[in-house]
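Trainee: I am new to this structure and would like a close look at one part. Please take me through the sheet and what packs against it.

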Amino acid sequence: MQIKSIEELKKIREKSLKKVNLREHGEEGGDQIEVLVGMATCGIASGARQTLNAIVDEVSKENLDNVKVIQVGCIGYCHSEPIVQVNIPGEKPILYGKVDTKKAREIVQKHIKGKEPLKESIIDTSFDRI
């Protein structure tokens, strides 16, 4: 890609900063949704980096300011990597397994936006973290 003006460069910078901010901060507040992506060695080897990027991209496209995407270490379900945990205030955390890029985008669209978890992909809801 060839950049032809300072305005183009500024737009690229703004877009990149927005993605970084989603990963680091999200929007503070009581309705803050956290999406944790397991990024230990087993997760990365299974495609977690692409999963993380798909989630960040989808959250950004949908302008979901109350969603914070967080890289975490081992979640403990290596057999089901890549792992994604969705924490919605007032609800039990939901842990998804074998989350490829397509499923990552579905989690954002159906679970986070549409309030309908992807039941066929859930591997655990029994833990009491948060």
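Mentor: What follows goes through the sheet strand by strand, then turns to the helices on it and to a surface patch elsewhere. Keep in mind that this is a predicted model.

The sheet is open and has 5 strands, in the order S2-S1-S3-S4-S5, with mixed pairing. At its edges are strand S2 (67-72) and strand S5 (122-124), each of which pairs on one side only. On average, neighbouring strands of this sheet are turned by 30 degrees against each other, direction ignored.

One pairing can be followed in detail. Strand S1, residues 33-38, runs antiparallel to strand S3, residues 84-87, and 4 bridges join the two. Within S3, the residue standing opposite Val37 is Val84.

Two helices can be placed against these strands. Helix H3, made of residues 48-61, packs on the sheet and touches S1, S2 and S3. The direction of H3 makes about 170 degrees with that of S2. Helix H4 covers residues 101-113 and lies across S1, S2, S3 and strand S4 (94-96). Relative to S3, helix H4 runs at about 25 degrees.

Last comes the surface patch. Ile3, Ile6 and Leu9 form a nonpolar patch there, and together they have about 260 Å² of accessible area. Of these residues, Leu9 lies in helix H1, which spans residues 6-24. Leu9 counts as partly exposed because its relative accessibility is 41%, and that class lies between buried, under 20%, and exposed, over 50%.

Key
Residues numbered from 1 in each chain as written. Predicted model: local features only at pLDDT ≥ 70, side-chain atom pairs only at ≥ 80, totals over all residues. Heavy atoms only, no water. Patch = residues over 30% accessible without salt bridge, like charges linked within 9 Å, V, L, I, M, F, W, Y side chains within 5 Å. Areas by Shrake-Rupley, 256 points an atom, 1.4 Å probe, with all protein chains shown as cover. Salt bridge = Lys/Arg side-chain N within 4 Å of Asp/Glu carboxyl O. Helix = DSSP H or I, 4+ residues; strand = E, 2+ residues; numbered from the N terminus. Buried < 20%, exposed > 50% of the residue type's maximum accessible area, 1.4 Å probe, protein only. Pairing = 2+ DSSP bridges. Axes fitted to C-alpha atoms, helices over the stretch in contact; angles between N-to-C directions. Contact = heavy atoms within 4.5 Å.
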